[in-house]
Amino acid sequence: MTKRSYYAPAGGLPPQSQILTDRAMFTEAYAVIPKGTMSDIVTSNLPHWNDARFWVLARPLSGFAETFSQYIAEVQPGGGSDTPETDDGVEAVLFVVEGAMELTLNGDTHQMGEGGYAFLPPSANWSLRNTGDVPVKFHWIRKAYQPVQGIDAPDAFVTNEADHDPIPMPNTDDAWATTRFVAPDDLRHDMHVNIVTFQPGGVIPFAETHVMEHGLYVLEGKAVYRLNQDWVEVEAGDFMWLRAFCPQACYAGGPGPFRYLLYKDVNRHMPLGKL
């Protein structure tokens, strides 16, 4: 069985002796949030959560990314929430990168460890608790669901990355693969949260330029990533935020696999005028 690695931030604060030069950048087309910026002082608290803090990686911004928010949550033993979502009409994905937690979803209890993945439709009744002895860290990706007349809303489910084989991209000799948790042609879903894996030497062989906006969190490894007109070095723990039509490509130099958690909005007409 392939051993998978999941990077999670540790918090803390850099020493006063650290130089300020870093890879963090925010441009008109993309943002890079390196792992070193995820310190204690940039966390947020959220309503109805106890013994928990959140690194906010993405939120809708006028003139930039518009469709999603993404947090990394750190919940202490005994912490959690009985009312985690305070907005109506919101779907979500939870993905565990460190520790374990108990998810109660529509009356059923699920134990989720590293690699655990839960899809929560807008109708989901859910709560979350860390019943263990160490902190749990997980991604929480949220999106306002776009219903379509005549198409049912998607069902909730809980799974683990280990239960899904990566699907190689055509003509790549397994150098580039995607772990999918929902079928691409399932029109009930208006977002995909997948895991993309490149073996050493694997590439995106053209500058992808498309309408989907992206959040990419590097779970493992390192690579150079093409973002708009720039090549940027990224490594495990970094986050990239790409607006629609930002050209992108990458080269995974090794020595091990390069893997990232990928958000994109899919399967809906382009809104004309204000939603």
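**Figure 1. The whole protein, seen through its contacts.** Among contacts between residues at least 6 apart in sequence, 71% join residues at least 24 apart. Welcome to this predicted model, where the secondary structure comes to zero helices and 21 strands. The radius of gyration is 18 Å, close to the 19 Å that the globule rule gives for 275 residues, so the protein is as compact as a globular protein of that length. Along its principal axes, the C-alpha trace spans about 55 × 45 × 45 Å.

**Figure 2. Inside and outside.** How much of the protein is buried? Buried residues make up 48% of the 275 residues. Turning to the surface, the protein exposes about 13,400 Å², and carbon and sulfur atoms supply 51% of that area. As for charge, there are 19 positive and 34 negative charges, and their mean positions are 4 Å apart.

**Figure 3. An open sheet of eight strands.** To find your way across this sheet, follow the order S1-S2-S19-S16-S21-S15-S14-S13, with antiparallel pairing. Which strands stand at the edges? They are S1 (25–26) and S13 (167–168); each has a single partner strand, so one side of each is left without a neighbour in the sheet.

**Figure 4. Strand S15 and its two partners.** Here we move in on strand S15, which covers residues 191–198. Eight bridges join S15 to strand S21 (residues 258–265), and the two run antiparallel. Two pairs make good landmarks: Val196 stands opposite Tyr260 in S21, and Val193 stands opposite Tyr263 in S21. Strand S14 (residues 176–179) is also joined to S15, by four bridges, and this pair runs antiparallel too. Look for Trp176, whose bridge partner in S15 is Phe198.

**Figure 5. The two faces of strand S15.** In a regular strand the side chains alternate between the two faces of the sheet. On S15, Met191, Val193, Ile195 and Thr197 point one way, while His192, Asn194, Val196 and Phe198 point the other way. Are these residues buried or exposed? All are buried, and S15 is described as mostly covered, with eight of its eight residues buried.

**Figure 6. Two residues in the loop between S14 and S15.** His189 lies in this loop, and so does Arg180. His189 is buried, with a relative accessible area of 2%. Not counting residues up to four places away in sequence, His189 touches Phe119, Pro154, Phe157, Val182, Val266, Asn267 and Arg268. Arg180 is partly exposed, with a relative accessible area of 26%. Leaving aside neighbours within four places in sequence, Arg180 is in contact with His164, Ile167 and Asn194. From C-alpha to C-alpha, Arg180 and Asn194 are 5.2 Å apart in space, and they are 14 residues apart in sequence.

**Figure 7. Ser69 and its surroundings.** Where is Ser69 found? Strand S5 (residues 68–81) holds this serine. With a relative accessible area of 5%, Ser69 is buried. Once neighbours within four places in sequence are left aside, the contacts of Ser69 are Ala58, Arg59, Pro60, Trp140, Ile141 and Arg142.

**Figure 8. Val234 in strand S18.** Val234 belongs to strand S18, which covers residues 230–235. At 2% relative accessibility, Val234 counts as buried. Which residues does Val234 touch, not counting those up to four places away in sequence? They are Arg23, Val218, Lys222, Ala223, Tyr225, Met240 and Phe258. For a longer look across the protein, find Asn50: Val234 and Asn50 are 184 residues apart in sequence and 33 Å apart in space, C-alpha to C-alpha.

**Figure 9. Asp133 in a loop.** Our final stop is the loop between strand S10 (126–129) and strand S11 (136–144), the place of Asp133. Is Asp133 buried or exposed? Asp133 is exposed, with a relative accessible area of 74%. To place this residue in the whole model, trace across to Arg243: the two lie 39 Å apart in space, C-alpha to C-alpha, and 110 residues apart in sequence.

Technical notes: Residues are numbered from 1 along each chain as its sequence is written. This is a predicted model: local features need pLDDT of at least 70, side-chain atom pairs count only at pLDDT 80 or more; totals for chains, interfaces and linings use all residues. Side-chain values use heavy atoms; hydrogens and water are left out. The radius of gyration is taken over C-alpha atoms; the globule rule is 2.2 Å times the number of residues to the power 0.38. Buried means under 20% relative accessible area, exposed over 50%, partly exposed in between (1.4 Å probe, protein chains only). Contact means heavy atoms within 4.5 Å. Accessible areas come from the Shrake-Rupley method with a 1.4 Å probe; for residues, only the protein chains shown count as cover. Lys and Arg count as positive and Asp and Glu as negative; His and the chain ends are not counted. The place of a charge is taken as NZ of Lys, CZ of Arg, CG of Asp or CD of Glu. Two strands pair if DSSP finds at least two bridges between them.
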